[in-house]
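Here is a short briefing on a structure with its sequence. Look it over first, then read the points by topic.

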Amino acid sequence: MNEPTPPRWAETFLRLLLNSRDRETVSGDLLEEYRENIHPQRGQGGADRWYLSQVAGFAFRGNWLWAALLSGSFITRTALDWFVPPSNFYTRSFVSTWLAVAILFCAGFYASWQSGLLRSGVLAGIATTLFSAVICAVGTGCLLAIRHDAPTLDAIQGSGGLAEVFTLPLLLVIPGTFLGAVGGLMGGTARRF
Amino acid sequence: MADILGTFEQAVLLAVVRLDDEAYGRAILKEVQARLEREVAAGAVHATLGRLEEKGFLVSRVGPGTEIRAGRPRRFYCLSASGRRALNDARAVANKLWHGFRWPLKGSYERTDASALG
């Protein structure tokens with residue numbers, strides 16, 4: 001008899017998120033719970049959703065610190081641009097760009113150093129930017145709710161507009177993937193020594 | 001008293017004690033869920049198990065898998081001497097904090113004992 005199986009890609013994701021020590025045991029625990037308890041109770045769709053939520057939980061636990069740092073730097077930059085607009089954005093751009101590069105690199109490095117897999121670094125870069133985008137959207141929304149007087153709205157227009165603030169964190173997934181891969185390459189290599 | 005355990009850490013350690021020889025990841029998850037009477041993410045339990053093992057409160061060994069888990073091995077946990085001490089300390093702290101109160105607390109805080117600590 002064919003045993004029910006969670007989405008293959010989600011299992012691959014989960015295994016990439018786990019360090020080499022826990023990869024088999026933890027993925028086995030989730031598979032056992034999926035087959036023995038969740039699937040009979042909730043059916044294929046419900047069990048798959050449960051499995052995905054568990055994988056998302058592992059992804060968040062592994063990357064929340066990097067996501068918090070990245071979104072924190074982005075929200076701080078946004079707040080400065082809106083509330084203390086500079087005459088020249090160059091210095092702020094320089095600092096915030098390289099800070100984001102360093103955070104995404106470290107996320108990839110740490111994930112691959114833990115797992116020994118380059119792909120974990122790539123996944124960490126993607127997960128960090130996606131979680132960060134959600135936090136940024138909420139944080140920026142709060143900033144806007146706190147202050148939305150005429151000078152602030154002028155400053156928002158002058159710094160690139162609202163659309164940029166909400167879409168840029170999501171677009172970071174592309175460089176995030178690349179930087180996660182670079183960090184992952186270095187982290188995987190460092191683990192061997 | 002070196003390290004006071006959080007509630008979740010105590011739930012995980014006590015699940016390990018209760019399950020005895022059968023204390024592996026999924027069984028601990030189910031035991032914790034049953035005791036806390038709520039859904040608990042597998043990641044939360046595994047992260048806590050890892051942290052408690054790092055602190056030396058738990059020791060683990062890898063055991064054979066079963067067919068339902070596609071033959072993947074199970075990691076069995078067991079309480080260490082320092083884990084037992086930490087649990088005893090946590091219980092002692094809770095007892096000390098609650099000393100002199102009737103449980104559950106009502107609107108006016110009823111004392112069972114008028115004398116102060118010490």
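The points below go through each chain, then some helix packing, one residue and the interface.

This is a predicted model. Chain A has seven helices and zero strands. Chain B has four helices and two strands. The two chains touch: 16 residues of chain B are in contact with 18 residues of chain A.

**Chain A overall**
- From the N terminus on, the elements of chain A read α-α-α-α-α-α-α.
- The C-alpha atoms of chain A fill a box of roughly 70 × 45 × 20 Å along the principal axes.
- Chain A has 193 residues, and 42% of them are buried.
- Take the contacts in chain A between residues at least 6 apart in sequence: 81% of these join residues at least 24 apart.

**Chain B overall**
- Along the sequence, chain B follows the pattern α-α-α-β-β-α.
- Chain B has 118 residues, of which 29% count as buried.
- Among contacts in chain B with a separation of 6 or more, 44% come from residues 24 or more positions apart.

**Helix H1 of chain A**
- H1(A) covers residues 8–17, and its buried residues are Leu14(A), Leu16(A) and Leu17(A).
- These buried residues lie on the same side of H1(A), because they cover an arc of only 160° around the axis.
- What do the buried residues of H1(A) pack against? Their partners are helix H2 (23–83), helix H3 (90–115) and helix H4 (118–146) of chain A.

**Helices H3 and H7 of chain A**
- Two packed helices are described by the angle between their axes and the distance between the axes.
- The axes of H3(A) and helix H7 (residues 173–192) of chain A come within 6 Å and cross at roughly 45°.
- That angle makes H3(A) oblique to H7(A).
- The crossing of H3(A) with H7(A) is right-handed.
- On the H3(A) side, the contact includes Val101(A), Leu104(A), Phe105(A) and Trp113(A).
- On the H7(A) side, the contact includes Gly176(A), Leu179(A), Gly180(A) and Arg191(A).
- By class, this contact has 14 nonpolar, eight polar and one charged residues.

**Arg35 of chain A**
- Arg35(A) lies in helix H2 of chain A.
- Is Arg35(A) buried or partly exposed? Arg35(A) is partly exposed, because 19 other C-beta atoms lie within 10 Å, and a buried residue needs 20 or more.
- Leaving aside neighbours within four places in sequence, Arg35(A) is in contact with Glu3(A), Pro4(A) and Ile68(B). The last of these, Ile68(B), belongs to chain B.
- Arg35(A) and Glu164(A) are 129 residues apart along the chain, and their C-alpha atoms are separated by 44 Å.

**Where chain B touches chain A**
- Which elements of chain B each supply at least two residues of the side that touches chain A? They are helix H2 (25–36), helix H3 (42–54) and strand S2 (74–79) of chain B.
- H3(B) gives the most to this side, with four residues.
- The residues on the side of chain B that touches chain A divide into seven nonpolar, four polar and five charged.

Terms used:
Residues are numbered from 1 along each chain as its sequence is written. Chains are lettered from A and ligands numbered from 1 in the order in which they are written. This is a predicted model: local features need pLDDT of at least 70, side-chain atom pairs count only at pLDDT 80 or more; totals for chains, interfaces and linings use all residues. Two residues are in contact if their C-beta atoms, placed from the backbone, lie within 7 Å. Ala, Val, Leu, Ile, Met, Phe, Trp, Tyr, Cys and Pro count as nonpolar, Asp, Glu, Lys and Arg as charged, and the others, Gly among them, as polar. A residue is buried if 20 or more other C-beta atoms lie within 10 Å of its own, exposed if 12 or fewer, and partly exposed in between; C-beta atoms are placed from the backbone. The arc is that of the directions from the helix axis to the C-beta atoms. Axes are lines fitted to C-alpha atoms, for helices over the stretch in contact, and angles run from 0 to 180 degrees between N-to-C directions. Angles under 35 degrees count as roughly parallel, over 145 as roughly antiparallel, 65 to 115 as roughly perpendicular and the rest as oblique. A crossing is left-handed if the near helix is turned anticlockwise from the far one by less than a right angle, and right-handed if clockwise.
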